[in-house]
Amino acid sequence: MAAVPEPTSEMMAYYSDENSLFFEADGPEKMKGCLQNLSHRFLGDEGIQLQISHQLDSKSLRHAASVIVAMEKLKNISFPCSKPLQDDDLKSLFCCIFEEEPIVGDSWDDGFVTDVALQSRNCTFQDVKHKSLVLSGSYELRALHLNGQNMNQQVVFCMSFVQGEENSNKIPVVLCIKKNNLYLSCVMKDGKPTLQLEMLDPKVYPKKKMEKRFVFNKIEIKNTVEFESSQFPNWYISTSQAEEMPVFLGNTKGGQDITDFIMEISS
């Protein structure tokens, strides 16, 4: 935020060629008004001229700044009329009027909600062995081969882009099973990082700043994607080589466990 300091002699002596109406270090000590076609009120014989307009117009920032500066800077002293304040002068003008105070990022409330719409897309996944992800029971994902008759069992995810440690290779996302509002999350169970499904309130989630256990770093490698847990770095959403086994969180790449997925955008 900006605080308004008390005018100082240094500020009063500030000089601007484009704005000598308000700042002139060596100018005369009094000012006379010179505008016409308005109702006029004067403070003294040769003091500040107060101009009152009875017309409701849309004023620019230049007009508003002129009033503020005139009232704050010319309370006890006046200067001669010269060029009007220009919009280009505002940057240097505000530096004289306001003092900048730092805003500490950690002081923001974690519950702060931005009004920027959360970007998301619907998609399906198959591992590189062409096994699709399906929901088994209420809270378990399994990977198995599907044919044309049962392709509708394939889970459709809503992948939302959220805040996280984003870089050129990793994009933070959350993955929600669209139909059931179940979110993939990573927690510690029995001393081991574990993948699970959690049902969340659709009125609250997804949100821009998600709890870290829900966040995955999406890594694109050629035509495939990997999903690294943000909560547990180097642990990835994985499938087994065997048929119809649960999807899990693994820390082995390039071995028996499959961490590469083919993503297809759906409507």
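**Buried contacts, hairpins and a nonpolar cavity**

D127 is buried, at 0% relative accessibility. The model described here is predicted. D127 sits in strand β5, which covers residues 120-127. Two contacts engage the D127 side chain. In one, a polar atom of the D127 side chain lies 2.9 Å from the backbone nitrogen of K129. In the other, the side chain of D127 makes a polar contact with the side chain of T239, also at 2.9 Å. D127 counts as buried because its relative accessibility, 0%, falls under the 20% limit.

The loop between β5 and β6 contains H130. The backbone of H130 has a positive phi, near 65 degrees, in a residue other than glycine. H130 is partly exposed, with 48% relative accessibility. A second residue of this kind is K222. Phi of K222 is near 55 degrees, again a positive value in a residue other than glycine. K222 belongs to the loop between β12 and β13, the latter spanning 224-229. How accessible is K222? The value is 84%, and K222 therefore counts as exposed.

Two hairpins were examined. Strands β6 (residues 132-136) and β7 (residues 140-144) run antiparallel and are joined by 5 bridges. L133 has A143 of β7 as its bridge partner. The hairpin formed by β6 and β7 leaves 3 residues between the strands. G137 lies in this turn and has a positive phi of about 70 degrees.

The other hairpin joins β10 and β11. Strand β10 comprises residues 182-189, and β11 comprises residues 192-199. The two strands are antiparallel, with 8 bridges between them. S185 stands opposite Q196 of β11. Here 2 residues separate the strands of the hairpin. D190 is in the turn, with a positive phi of about 55 degrees. M188 is also part of β10. The relative accessible area of M188 is 48%, so the residue is classed as partly exposed. M188 and R213 are 25 residues apart along the chain. Their C-alpha atoms are separated by 9.8 Å. In a regular strand, side chains alternate between the two faces of the sheet.

After β11 the chain enters a loop that leads to β12 (216-221), and P206 lies in that loop. The peptide bond joining Y205 and P206 is cis, with omega about 0 degrees. P206 is partly exposed, at a relative accessible area of 33%. The C-alpha atom of P206 is 9.7 Å from that of C158. These two residues are 48 residues apart along the chain.

C158 leads to the matter of disulfides. How many does the model contain? The count comes to 0. For C158, the closest cysteine sulfur is that of C176. The two sulfurs are 6.1 Å apart, so they are too far for a bond. The cut-off for a disulfide is 2.5 Å between the sulfur atoms. C158 is nevertheless buried, at 18% relative accessibility. C186 is buried as well, with a relative accessible area of 1%.

Internal space was then searched. Rolling a probe the size of a water molecule over the atoms shows where empty space is left. In the whole structure, the search finds 2 cavities of 30 Å³ or more. The largest cavity holds about 60 Å³ of space. Which residues line the largest cavity? The lining consists of F125, L133, F157, L175, L184, F227, I237 and F261. By class, this lining has 8 nonpolar residues. There are no polar and no charged residues in the lining. L133 thus appears in two settings: L133 pairs with A143 of β7, and L133 helps to line the largest cavity.

How values were computed: Residues are numbered from 1 along each chain as its sequence is written. This is a predicted model: local features need pLDDT of at least 70, side-chain atom pairs count only at pLDDT 80 or more; totals for chains, interfaces and linings use all residues. Side-chain values use heavy atoms; hydrogens and water are left out. On a 1 Å grid over the protein atoms alone, a cavity is a set of points where a 1.4 Å probe fits but cannot get out, and a pocket is an open set with protein on both sides within 12 Å along at least five of seven lines; lining residues have an atom within 4 Å of a point. Grid points are joined across faces, edges and corners, and a volume is the space filled by probe spheres set on the points. Ala, Val, Leu, Ile, Met, Phe, Trp, Tyr, Cys and Pro count as nonpolar, Asp, Glu, Lys and Arg as charged, and the others, Gly among them, as polar. Buried means under 20% relative accessible area, exposed over 50%, partly exposed in between (1.4 Å probe, protein chains only). Two strands pair if DSSP finds at least two bridges between them. Helices (H or I, at least four residues) and strands (E, at least two) are DSSP runs, numbered from the N terminus. A polar contact is a pair of N or O atoms within 3.5 Å; within protein, one must be able to donate a hydrogen and the other to accept it, and residues adjacent in sequence count only if both atoms are side-chain atoms.
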